[in-house]
Amino acid sequence: MLMMAFIYAFLLLLSLLMPLNNSAFTSFPINNLPDQLDHLKPDQILKLHWIHSRLSLDIDQLTAIFIGHPSILNYDIEKRLDPAITFYEDALRVCVEDTDDNTKDDGNCNTTDDIVRDKLILLLCKSPQLLEYNVKKRLTPRLERVRATLGQQIIIDEETLKIIATKTDSRFDEWLYNSSSRSSRRGNSARRNDISEHQEDENRQPHSYIVLSNLQSGSNIGNILRSASIFGCKELIVVGQKRYRLTGDHGSRFDLKRHHVYSHEEAKIYLKSKGVRIYGVEIIEGAQPILQYDQETGISKFPFNRQYEGAAFLMGNEGEGLSQKQMEICDEFIFIPQTRGGSVDGGGSSSLNVACAATVILQAYCLWAGYPIAQRDGEKFVASNAVNY
């Protein structure tokens, strides 16, 4: 009882010093808090009071939110809680105004504000973790991407808000891509499924990507980055650890965009969201040569397809080649034909260095995709914004 009296006195003092809603303060259920919310610190009680006042919650709703996500008690009100609540309110208000004709205050129905409040309270009671996400860095940019991709008329309902807030980057990209594809198919039922989700255009220049994982040599990694930059790669996908040695990249690390994921499956989801075909580089049965040239006709044949938005190349480990997990995310496999391989007597080499192999493949893809050749200055090519940067 003494602790409760102290907390009540503390809140009363704060109500005099801070512009809080006094009517809400008088209804704050300080004496009816459940056992799980007992023994809170004064600043945590203040957050309890603030969100109670902000949303006019009853004791059950207040308990559901804070028991459902106790970390809320540690969030800053001004920098975190208020911006997040305002973000969800604004998004739900647009949804209500676009979908409900009975939002006007005509005496017979609830106002828009009442409907928005009820929706928001229900949303936060079910998913209080939504309050943990940063508005400027995560929520607003993702909402803008959704509207830019799916159109300004897209209805941002409660389920969409959960997706925007809670999905990982790769899962969000996959959802946005699938939603866009479904929307496109509805607008053009004549399109074929599978690869036809991406428009066929012979003049379109598809992007190239390198998937970096399971390599040991910093020199190999650095030289792969160097070749990727030179031959117009769109992005480097890094799987696993974020820190790795780079040797000999000659500044390419500052030129080539990199995207980090924690697993090969995440890499696949991310690339598929961009409409990319994944090629494993390995000399195995069923793999296609990177280039075939017919001497009689003079025709060169590449194993790529313009029905995709691009190609990603997955290189194997220096000693073991592609692992099983790497191979599982590949759509097909390619290899570089060799004039000479290793012999049983130990002469020659049975395979190219991984960085050299990446260079050959990227240059071949560059030719097939029709990337323009950079301008030269004397004996060197100069940097340009020719293709994918």
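Angles between helices count as roughly parallel under 35 degrees, as roughly antiparallel over 145, as roughly perpendicular from 65 to 115, and as oblique for the rest. Keep that in mind as we walk through this predicted model, in which local features need pLDDT of at least 70, side-chain atom pairs count only at pLDDT 80 or more, and totals for chains, interfaces and linings use all residues. Residues are numbered from 1 along each chain as its sequence is written, and side-chain values use heavy atoms, with hydrogens and water left out.

Let us begin with a pair of helices. Helices (H or I, at least four residues) and strands (E, at least two) are DSSP runs, numbered from the N terminus. Helix 3 (residues 42-55) packs with helix 4 (residues 59-68) at an angle of about 130°, their axes 11 Å apart. Here axes are lines fitted to C-alpha atoms, for helices over the stretch in contact, and angles run from 0 to 180 degrees between N-to-C directions. Helix 3 and helix 4 are therefore oblique to each other. K47, L48, I51 and H52 of helix 3 make the contact with L62, I65 and F66 of helix 4, where contact means heavy atoms within 4.5 Å.

Further along the chain comes another pair. The axes of helix 7 (residues 135-150) and helix 8 (residues 158-166) come within 9 Å and cross at roughly 120°, which makes helix 7 oblique to helix 8. On the side of helix 7, the contact is made by R138, L139, R142, L143 and V146; helix 8 contributes I163, I164, A165 and T166.

Now turn to the sheet. It is an open one, formed by 7 strands in the order 3-2-1-8-4-9-5 with parallel pairing; two strands pair if DSSP finds at least two bridges between them. Strand 3 (258-261) and strand 5 (288-289) stand at the edges with a single partner strand each, so one side of each is left without a neighbour in the sheet. Helix 13 (residues 354-369) packs on the sheet, where it touches strand 1, strand 4 (276-281), strand 8 (310-315) and strand 9 (332-335). The direction of helix 13 makes about 170° with that of strand 8. Many residues of this helix are buried, among them V354, I361, Y365 and W368; buried means under 20% relative accessible area, exposed over 50%, and partly exposed in between (1.4 Å probe, protein chains only). Just after helix 13, G370 takes a positive phi of about 80°.

Strand 4 is a good place to look more closely. In a regular strand the side chains alternate between the two faces of the sheet. V276, I278 and G280 point one way from strand 4, while R277, Y279 and V281 point the other way, and all are buried. Strand 4 is joined to strand 8 by 6 bridges and to strand 9 by 3 bridges. G280 has L314 as its bridge partner in strand 8 and F333 in strand 9.

Elsewhere in the sheet, strand 1 (residues 207-212) runs parallel to strand 2 (residues 235-239), and 4 bridges join them. V211 of strand 1 stands opposite I237 in strand 2.

We can finish in the loop between helix 10 (218-230) and strand 2, where G232 lies. G232 counts as buried because its relative accessibility is 5%. G232 and Y371 are 139 residues apart in sequence, and 7.6 Å apart in space from C-alpha to C-alpha.
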